[in-house]
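Please open the structure in your viewer and keep the selection tool at hand. This tour moves from one selection to the next and says what can be found at each stop.

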Amino acid sequence: MIDIVELNKYYGDHHVLKNINLHIDPGEVVVIIGPSGSGKSTLLRCINYLEEYQHGYVTIGGENIGRQEIGGKSVPMPEKKLNKMRQKVGMVFQSFNLFYNKTVCQNITMAPMDLKSMKKSEAKEKSLSLLEMVGLKDKCDVMPARLSGGQKQRVAIARALAMDPEIMLFDEPTSALDPEMVGEVLKVMKDLANSGMTMVIVTHEMNFARTIADKIVVLEDGSIIESGSPEQVFEHPQTERTRAFVNTVFNRDKIA
Ligand SMILES: Nc1ncnc2c1ncn2[C@@H]1O[C@H](COP(=O)(O)OP(=O)(O)O)[C@@H](O)[C@H]1O
Ligand SMILES: [Mg+2]
């Protein structure tokens, strides 16, 4: 479903992603963990080419995204083609990124109407069924500012799903939430995983990661230092650095 091959990214002289290779199967749930600044967000953003990179490539469903080969040379792909590819990928951010001057349903119907020429009635119907799925059926006409953080994030998930993505990316979706609202968002994500969605998730919620992930990827200083099943990574880490990181995060959970 997703192939990341020899991906290298620099910000100026700063080598932020170092030869990343990652293969993600359809329906697989991959959780990326690692210290702050290790490159998790950058890696996620490279998947749908929100970030350019200097070397390597990413394919989605076998097709290159962002760059393409022409006459043996790698060149940026036309905007139109890139946008089409991006529609396969839904993204959810820590900060929700809702449109605050639009109602919940308008937030959800906008992209399908604009980008897929979906009829208003159909888009509305779809938004209602998505809202039901995330437990917010009665919030269609509400302005986002009236919602709690957990509700906002569930709207953001519904909005991403409205485009029928093949893949969903989540960048610390619960990090901005009050603790009592984390569970409701994780539950929606768990349902989504159970429905067979391919998901790449950056999170510090280790217990959630342990139950939802098919594969855990540990990123440190721009490199994948370890990857494997939750059991492998959490119970039998191969590197001392993984062990140290996992211990810190689990212990912080215990103290909190
Ligand atoms: N727009 C940017 N310009 C320059 N450096 C950046 C930019 N975005 C991120 N970085 C740097 O790239 C590294 C990886 O950042 P990021 O992917 O946000 O890490 P993480 O999500 O794991 O905390 C960090 O050292 C960060 O300071
Ligand atoms: Mg980040």
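Two strands are said to pair if DSSP finds at least two bridges between them, and strands themselves are DSSP runs of E that cover at least two residues and are numbered from the N terminus. With that in mind, and remembering that this is a predicted model, select strand β4, residues 55-60, together with β5, and you will find that two bridges join these strands, which run antiparallel. Within this pair, look for Ile60, which stands opposite Glu63 in β5.

Now widen the selection to the sheet to which these strands belong. It is an open sheet of four strands in the order β2-β1-β4-β5, with antiparallel pairing. Which strands stand at the edges? They are β2 and β5 (63-64), and each has a single partner strand, so one side of each is left without a neighbour in the sheet.

Next, add helix α1 to the view and turn the model until you can see how α1 lies across β1 (2-11), β2 and β4, where the helix runs at about 125° to β1.

Keep α1 selected and show ligand 1 as well, since β2 (14-24) and α1 (40-47) each supply at least two residues of the shell around this ligand. The helix α1 gives the most to that shell, with three residues. Select the surrounding residues, among them Tyr11, His14, Val16, Pro35, Lys40 and Thr42, and colour them by class: the shell has three nonpolar, seven polar and one charged residues.

Three distances around ligand 1 are worth displaying in turn. Begin with Tyr11, where a polar side-chain atom lies 3.3 Å from a nitrogen atom of ligand 1. Move on to Ser38, where a backbone N or O atom lies 3.2 Å from an oxygen atom of the ligand, and then to Lys40, where an N or O atom in the side chain is 2.8 Å from an oxygen atom of ligand 1. On its own, ligand 1 has 560 Å² of accessible area, and the protein covers 59% of this.

For the last stop, select strand β11, residues 215-220, and strand β12, residues 223-228, which pair in the antiparallel sense over five bridges. Starting from Val217, you can cross to Ser227, its bridge partner in β12. Then follow the chain into the hairpin of β11 and β12, which has two residues between the strands, and stop at Asp221, which takes a positive phi near 50°.

Note on methods. Residues numbered from 1 in each chain as written. Chains lettered and ligands numbered in written order. Predicted model: local features only at pLDDT ≥ 70, side-chain atom pairs only at ≥ 80, totals over all residues. Heavy atoms only, no water. Near = heavy atom within 4 Å. Polar contact = N/O pair within 3.5 Å; in protein donor to acceptor, adjacent residues only side chain to side chain. Areas by Shrake-Rupley, 256 points an atom, 1.4 Å probe, with all protein chains shown as cover. Nonpolar A, V, L, I, M, F, W, Y, C, P; charged D, E, K, R; others polar. Contact = heavy atoms within 4.5 Å. Axes fitted to C-alpha atoms, helices over the stretch in contact; angles between N-to-C directions.
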